[in-house]
Amino acid sequence: MRPVSSDVQVLYGKQPRKWIVNTLFAIILFGIIIFTFMGSTINWTRVGNLGETLGDMFSRIFNTNWELFFGIGTFDFDQGIVYLVLETFAIGFLGTLIGAILAIPFGFLGAESLVGKKVAKISEVILLIIRVFPEIILAIILVKGFGMNALSGMLTIGLHSIGMLGKLFSEAIDNMDRSSFEALDSVGANIWQKIRYGILPNILPDLSSITLYRLDINVRAASILGLVSAGGIGSILTIASSMWSWELLGTILLAVIIMVMIVDFISSYLRKKLV
Amino acid sequence: MNEFTLKSGAKVRQPFNKIWFIVLAVVILTVIFSLFIPFDPSTFRLGELPIIFQRLFVPYDGRNWGDYFGMFKHMGTPLMQSIQISLGGTLIGSLLAFPIAFLSAGNIIKNKFISVPIKLFMNLIRSIPIVILAILAVFTVGLGVLSGIGQVIADNILYNYNIMVGVAILTIFVTVIFVQIFSNWARRKLK
């Protein structure tokens, strides 16, 4: 009988030599880092003054202008940040609603189990194109067509949401439990009864949870649509950044953060309830 | 409320469907928030939309398709910058996130006074729009960070909707599709 230690040694010998792969991986990672910083034109004198700049920023960014924040005093209510934040939320909310309604047919057309492979692939490609089209460019195009107001922002969010919502809807429909659908089939229900009692109760929780998640994303997206004057808080953001006005920027930032956190909290609470 | 009498005489009542509350809430919110959306058909210039699409994706002004595809060679440097930005950003972000992930995981750091504030701070960072962070970065490290394919679009689009923007959009399309295919493949391999 051989001693145990030689068995261990044999096993060690059989161990795959990973150090080649690891070294290769490290070299690739290092190469990526070098490649990344090769093209960057960082202004190093500014980096040297970083402490001073940040100190200036932090001393001024918390000087919230409360009159502007609530739109009271010398400002009208519809100039105030609160009004703009509500407008931003309106763009996000109504855009999500439009997107969800428009995405439902795409969801059914993209479900392989309902329409077959060919149609599903075609609608998948359409959804991919919608997803990839940059949001800001869609906003710029729609601003030209619908004017510089919140309406074009809402339409942008709505059209852009179709891409992701349609994909996730079709996945939800594909993964749904089909037994109740077949049971209704066997008792001779007609097509509307099958949809109403066989499909809808199965997919509605998934659909609403996906839509709430998208609402979360859309409210963030709506806050930058104003950069191309498609409504919301982004337009005043551009003004603040071009003036380097940290006080104004701080006021806007506070409002945006509060809104996004509230929406985040409500949407995750409702999603937890649904699932 | 629907009430049925069975043959045995027992009365059965169909329960009220809670979904109507949700529908009502959504309708009320829609009505309230649609007050914020101006609807003024006199500002519509719907006829311009197809013209814009045509100018973006079809050569005009005596150009032919050869010129159009020739423009892709101007996209090399900006595309490289965009890839550098996203690669470097992802790398830095994942390196910074690694220790933070351990600190904010409640099952590793049992001390709630550490994990909860870090989680709150992460939520705070997540809610800042990326454009504001870019503004802060420009102020601190210079305009170099605002480069890449987005800048081509920003430079060209504000003056007129010219063909350069269309070429940039097509470049983004191709790149994003390749990146998606690659990252899906890599994720499946890693699993």
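Student: Before anything else, what does contact mean when residues of this structure are listed together?

Tutor: Contact means that heavy atoms lie within 4.5 Å. In this predicted model, A:S170 is in contact with A:G107, A:G110 and A:A111, once its neighbours within four places in sequence are left aside.

Student: Where does A:S170 lie, and is A:S170 buried or exposed?

Tutor: A residue counts as buried when its relative accessible area is under 20%. A:S170 lies in helix α10 of chain A, which covers residues 150-174, and because its relative accessibility is 8%, A:S170 counts as buried. Its side chain also reaches the backbone oxygen of A:K167, at 2.8 Å.

Student: How should I read a charged residue that is buried, and which side chain of opposite charge is nearest to A:R214?

Tutor: For a salt bridge, a side-chain nitrogen of Lys or Arg has to be within 4 Å of a carboxyl oxygen of Asp or Glu. A:R214, placed in helix α12 (residues 191-225) of chain A, is buried yet has no salt bridge, and the nearest side chain of opposite charge, that of A:E135, is 4.1 Å away. A:E135 is nevertheless among the residues in contact with A:R214, as are A:T96, A:H160, A:S161, A:M164 and A:L165, again leaving aside neighbours within four places in sequence.

Student: Which residues does A:A90 touch?

Tutor: Here the list can cross from one chain to another: not counting residues up to four places away in sequence, A:A90 touches A:G95 and also B:F33, B:F36 and B:I37 of chain B. A:A90 belongs to helix α6 of chain A, residues 81-110, and because its relative accessibility is 0%, A:A90 counts as buried. As for distance along the chain and through space, A:A90 and A:W246 are 156 residues apart in sequence and 26 Å apart from C-alpha to C-alpha.

Student: How many residues of each chain take part where chain B meets chain A?

Tutor: An interface can be read through its residues, its buried area and its polar pairs. Here 54 residues of chain B are in contact with 61 residues of chain A, and the two chains bury about 5,200 Å² between them, 81% of it on carbon and sulfur atoms. Across this interface the rule finds 0 salt bridges and 1 residue pair in polar contact, with both residues at pLDDT 80 or more.

Student: Which element gives the largest share of the side of chain B that touches chain A?

Tutor: The largest share comes from α6(B), with 8 residues. By class, that side of chain B has 39 nonpolar, 12 polar and 3 charged residues.

Definitions and conventions. Residues numbered from 1 in each chain as written. Chains lettered and ligands numbered in written order. Predicted model: local features only at pLDDT ≥ 70, side-chain atom pairs only at ≥ 80, totals over all residues. Heavy atoms only, no water. Buried area = accessible area lost by both parts, 1.4 Å probe. Polar contact = N/O pair within 3.5 Å; in protein donor to acceptor, adjacent residues only side chain to side chain. Helix = DSSP H or I, 4+ residues; strand = E, 2+ residues; numbered from the N terminus. Nonpolar A, V, L, I, M, F, W, Y, C, P; charged D, E, K, R; others polar. Buried < 20%, exposed > 50% of the residue type's maximum accessible area, 1.4 Å probe, protein only. Lys, Arg positive; Asp, Glu negative; His and termini not counted.
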